[in-house]
Amino acid sequence: MNKNSSNIMALAPNTSNKRETVCIFGTGDFGRALGHKMIQSGYPIVFGSRSTQKSSLIPNDAEVLSHAEAAQKAAIIIIAIQRQHYNFLTPLAEILHGKVLVDISNNLKINQYPESNAEYLAQLVPGAKVVKAFNTVSAWALQSGTLDASRQVFVCGDDMEAKQMVMDIVRALGLTPLDQGSLLAAQEIENYPLQLFPMWKFPILLSLGLTAFFFFYCLTLDIIYPYVYENKDFSFFIAISIPNRICPILALILLALVYLPGVLAAIIQLYRGTKYHRFPDWLDKWMLCRKQLGLVALAFASLHVLYTLVIPIRSFVRWRISSSTVSQALNNKTEPLNNTYAWLSDSYLALGILGFFLFVLLGITSLPSVSNNVNWREFRFVQSKLGYLTLVLCTAHTLVYGGNRFLNPSSYRWYLPNAYMLSLIVPCIVLVVKFVLVFPCLDKPLTQIRQGWERNPKYSK
Ligand code: NAP
């Protein structure tokens, strides 16, 4: 290739565009990792340290000076030191006056201190412009280059110019800055890395609780009951039959629980005649984790599909089919095809397939990469209209599975309904209430309330 081609010229580094020196206080894990990454991105780095002796771990191109000397060489100083050691900065207040101090610190516990570390730093060095950033990126990710999971860097600060300078560095490192506003947001940003799947807690605990309940329910009816009354050992049901009962039950209940808070919110709004009154806390929290509830429901539905696929190769099923064939041969009598059962069985399977297809579609549209590419109306159409259609199909799938067994007294062992009957309670309530809410006498006032009308002076703003 011709070395003088215009493409090569365009890609040549612009030496006049030299980056400004950045100072990093602290030569610990994070300071070194960030320094290394910044040197790679073209920033001259000077470390401020308690010891000016340069260890082999410190990048070759970086200088190591005392805190005071290093601070004088840069306008931006990144404080890569734990909060509990910040008081060494007080005697440096004069040198740090007017500098941009970047607080990257994290704590060990949520809300560990009354004020955020960044606000504490701003109190210690009142003349400096404090910006919070980088605390959600780990030293390991910076070093290994595996920044996929933590590419976003939350940035906040009271000085717009200082914030902009830090965001430019973030971009230069190949990361994405997310402006979170003033330094008041620092506490939330510091709590963020300490949270453990906050939105998943309720869906996971709920599904664990429901799984335990339905496991013991099915164990009682499908294994203990036949053992007590017929002396039959069906303990092997624990491996496939019982999980394949629990999975669709949980998928259906959790899917209904995605839509139940919506109808409860509509009832509350209709009762109050306004949308400007806060929902109870439990309802707010429930609404916030609907996506996670739906995804857990989808996981159970997928497991149900997998369990169903192995049914034909199960030893118990093959034994039942062959013994029925042998008994027909011995009795010299062929059982005629029952058209009603054939219809029920095919309809039940068709409803399940369609329901699962829409369920997967809902799951896919909830992925950020997909939902970012649809507008609000399209997202609502999929999550609300198609969501309800999925709930209708999955409820119908369960109803048809039950067929006429609902009316058969032998289905009620120990006077208890079959587990799948219990799974229909919440979805049926949701669908009936939703159906009632669609009537114009309720839908019209609800739409007006959601457009800002206030119909009840008791609850108005
Ligand atoms: P570290 O390895 O313990 O390093 C902290 C550095 O602070 C030390 O190397 C030391 O540097 C300096 N230091 C220690 N005691 C001091 C004192 N009494 N006075 C002045 N300086 C002192 O900690 P780190 O993991 O790098 O974390 C540094 C900060 O980054 C913390 O606030 C942490 O929350 C935050 N952070 C870390 C990570 C991470 O993945 N590690 C991720 C996000 C945020 P000198 O010996 O050079 O003085």
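This is a dialogue about how the terms applied to a predicted model are justified.

Biologist: What should be known about the model and its numbering?

Modeller: The model is predicted, so local features need pLDDT of at least 70 and side-chain atom pairs count only at pLDDT 80 or more, while totals for chains, interfaces and linings use all residues. Residues are numbered from 1 along each chain as its sequence is written, and side-chain values use heavy atoms, with hydrogens and water left out.

Biologist: What makes the protein more spread out than a compact globule?

Modeller: The globule rule is 2.2 Å times the number of residues to the power 0.38, and the radius of gyration is taken over C-alpha atoms. For 461 residues the rule gives 23 Å, whereas the radius of gyration is 32 Å, well over that value; therefore the protein is more spread out than a compact globule. Along the principal axes, the C-alpha atoms fill a box of roughly 100 × 65 × 55 Å.

Biologist: How many helices and strands does the protein have?

Modeller: There are 19 helices and eight strands. These are DSSP runs numbered from the N terminus: helices are H or I with at least four residues, and strands are E with at least two.

Biologist: How do you know that the span of α2 is close to the expected one?

Modeller: The expected span of a helix is 1.5 Å times one less than its number of residues. Helix α2 (residues 29-40) has 12 residues and reaches 17 Å from its first C-alpha to its last, close to the expected 16 Å. After α2 comes Gly-42, whose phi is positive, near 100°.

Biologist: Why is α2 called mostly covered?

Modeller: Buried means under 20% relative accessible area, exposed over 50%, and partly exposed in between, with a 1.4 Å probe and protein chains only. Nine of the 12 residues of α2 are buried, among them Phe-30, Leu-34 and Ile-39. With contact meaning heavy atoms within 4.5 Å, the buried residues of α2 pack against β1 (22-25), β2 (45-48), β4 (76-79), α6 (139-144) and α7 (160-172). In the protein, buried residues make up 41% of the 461 residues.

Biologist: Why do Phe-234 and Phe-236 count as an edge-to-face aromatic pair?

Modeller: Rings of Phe, Tyr and Trp (its six-membered ring) pair if their centres lie within 6.5 Å; planes under 30 degrees apart count as stacked, over 60 as edge-to-face and the rest as tilted. The structure holds 22 aromatic pairs. Phe-234 and Phe-236 are 6.2 Å apart centre to centre, with 85° between the planes, and so are edge-to-face. Phe-236 and Phe-237 are also edge-to-face, at 5.1 Å and 80°. Phe-234, Phe-236, Phe-237, Phe-316 and Trp-319 form one aromatic cluster.

Biologist: Which of these, Phe-234 or Phe-236, is buried, and which is partly exposed?

Modeller: Phe-234, at 19% relative accessibility, counts as buried, whereas Phe-236, at 37%, is partly exposed. Phe-237 is buried, at 10%.

Biologist: What makes Arg-83 a charge over the ring of Tyr-113?

Modeller: A charge sits over a ring if NZ of Lys or CZ of Arg is within 6 Å of the ring centre and within 35 degrees of the ring normal. The charged end of Arg-83 lies 3.6 Å from the centre of the Tyr-113 ring, and it also sits over the ring of Tyr-120, 4.1 Å from the centre.
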